[in-house]
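User: I'd like a close look at one part of this model rather than a tour of everything. Could you take me through the strand pairing and what lies around it?

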Amino acid sequence: MILLRNLKDEDIKEAHSLGNICYPLDLHESLESFQWRFKIYSEGCRGAWVDNVLCGYIVAHIWKLNEIVYLNDDSYGLPKDADCMYIHDVAIHPLYHNKHLGSRLVSDIITLAVCKNIYNFAGVAIKSTEGYWKRWGFSVEREFYYTVNVPAFYMTCKKIPLWRG
Ligand SMILES: CC(C)(COP(=O)(O)OP(=O)(O)OC[C@H]1O[C@@H](n2cnc3c(N)ncnc32)[C@H](O)[C@@H]1OP(=O)(O)O)[C@@H](O)C(=O)NCCC(=O)NCCS
């Protein structure tokens, strides 16, 4: 059975550990920064459970277009004049890839944004996932180094993202 729901306080450590399984070491974030994003915008933090096992999560929050949220930043606040939904992190356990869990979580965040009258979306894609976001309708705005070893793309979608199957 698949369950999607908002993360709760007691899920955060497990979700953080799952992120460490899903990402290479260079992209690991501190537990503090994960907790921080949950603290400032818990409604943008959702998880996907399959048979009661957490298999994926998404972390998003309102933000400003053209501004990147860097890894391991655990001290920023949300802007009062937010104009986009920033998808900071979506991660699915490798055993559960291509079962639409990622798409369902992204869809939930799109719905959340639309409910708040937000129609711009942004995020960072590492090179291997640029194609995934392009299929949602995101375009590359600029390339930069997310960490010293990891080139990445800042991407935006200035309309409601729609998956191109
Ligand atoms: C990228 C990720 C979130 C996708 O989630 P998922 O649940 O496996 O994907 P879904 O089942 O929703 O979608 C599957 C579709 O996306 C496509 N897809 C998956 N990863 C892709 C990629 N990196 N590039 C292009 N297309 C991709 C699949 O080919 C499939 O297409 P199809 O429906 O035409 O067969 C997942 O692979 C993941 O967690 N990766 C590691 C963490 C990461 O890099 N996250 C993104 C950066 S924020």
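Analyst:
**The sheet and its surroundings**

Gly47 of β2 is the bridge partner of Arg5, and that pair is a handy place to start. This is a predicted model, so please read what follows in that light. The Arg5–Gly47 pair belongs to the contact between β1 and β2, which are antiparallel and share five bridges. β2 then continues to β3, again antiparallel, this time through six bridges. These two strands make a hairpin with two residues between them, and Asp51 in the turn has a positive phi of about 50 degrees.

Within the β2–β3 pairing, Arg46 faces Ile58 of β3. Follow Ile58 to its other neighbour and you reach β4, where its bridge partner is Val90. Ile58 therefore links the two pairings: Arg46 stands opposite it in β3, while Val90 is its partner in β4. β3 and β4 are antiparallel as well, held by eight bridges.

Packed on the sheet is α2, which touches β2, β3 and β4 and has a direction at about 60 degrees to that of β3. Which residues of α2 are buried? In this helix, residues 31–40, they are Ser33, Phe34, Arg37 and Phe38. They sit on the same side of α2 because the arc they cover around the axis is only 140 degrees. The other side of the helix has Glu32 and Lys39, both exposed. The cover over the buried residues includes α1 (12–22) along with β2, β3 and β4.

Now step back to the whole sheet. Seven strands form an open sheet with mixed pairing, in the order β1-β2-β3-β4-β5-β7-β6. β1 (2–6) and β6 (139–147) are the edge strands; each has a single partner, so one side of each lacks a neighbour in the sheet. From one strand to the next, the twist averages 25 degrees.

β4 also leads us to the ligand. With four residues, β4 contributes the most to the shell around the ligand. At least two residues each come from β4 (84–92), α3 (101–115), β5 (121–126) and α4 (130–136). Among the 21 residues around the ligand, the nearest are His97, Gly102, Ser103, Gly131 and Tyr132. By type, the shell has nine nonpolar, nine polar and three charged residues.

Of those nearest residues, Gly102 deserves a second look, as it ties the ligand shell back to the strands. Gly102 lies in helix α3. Beyond its neighbours within four places in sequence, Gly102 is in contact with Gly56, Val90 and Ile92. Val90 is the residue we met as the partner of Ile58. Ala48 is 54 residues from Gly102 in sequence, yet the two C-alpha atoms are 8.7 Å apart. Is Gly102 buried, exposed or partly exposed? It is partly exposed, because 19 other C-beta atoms lie within 10 Å, and being buried would take 20 or more.

Two loops complete the picture. Asn66, in the loop between β3 and β4, has a positive phi near 75 degrees although it is not a glycine. Asn66 is exposed, with 12 other C-beta atoms within 10 Å. Asn117, in the loop between α3 and β5, is another residue other than glycine with a positive phi, near 60 degrees. Asn117 also counts as exposed, since 6 C-beta neighbours lie inside 10 Å.

Technical notes. Residues numbered from 1 in each chain as written. Predicted model: local features only at pLDDT ≥ 70, side-chain atom pairs only at ≥ 80, totals over all residues. Near = placed C-beta within 6 Å. Nonpolar A, V, L, I, M, F, W, Y, C, P; charged D, E, K, R; others polar. Arc of directions from axis to C-beta. Contact = placed C-beta atoms within 7 Å. Pairing = 2+ DSSP bridges. Axes fitted to C-alpha atoms, helices over the stretch in contact; angles between N-to-C directions.
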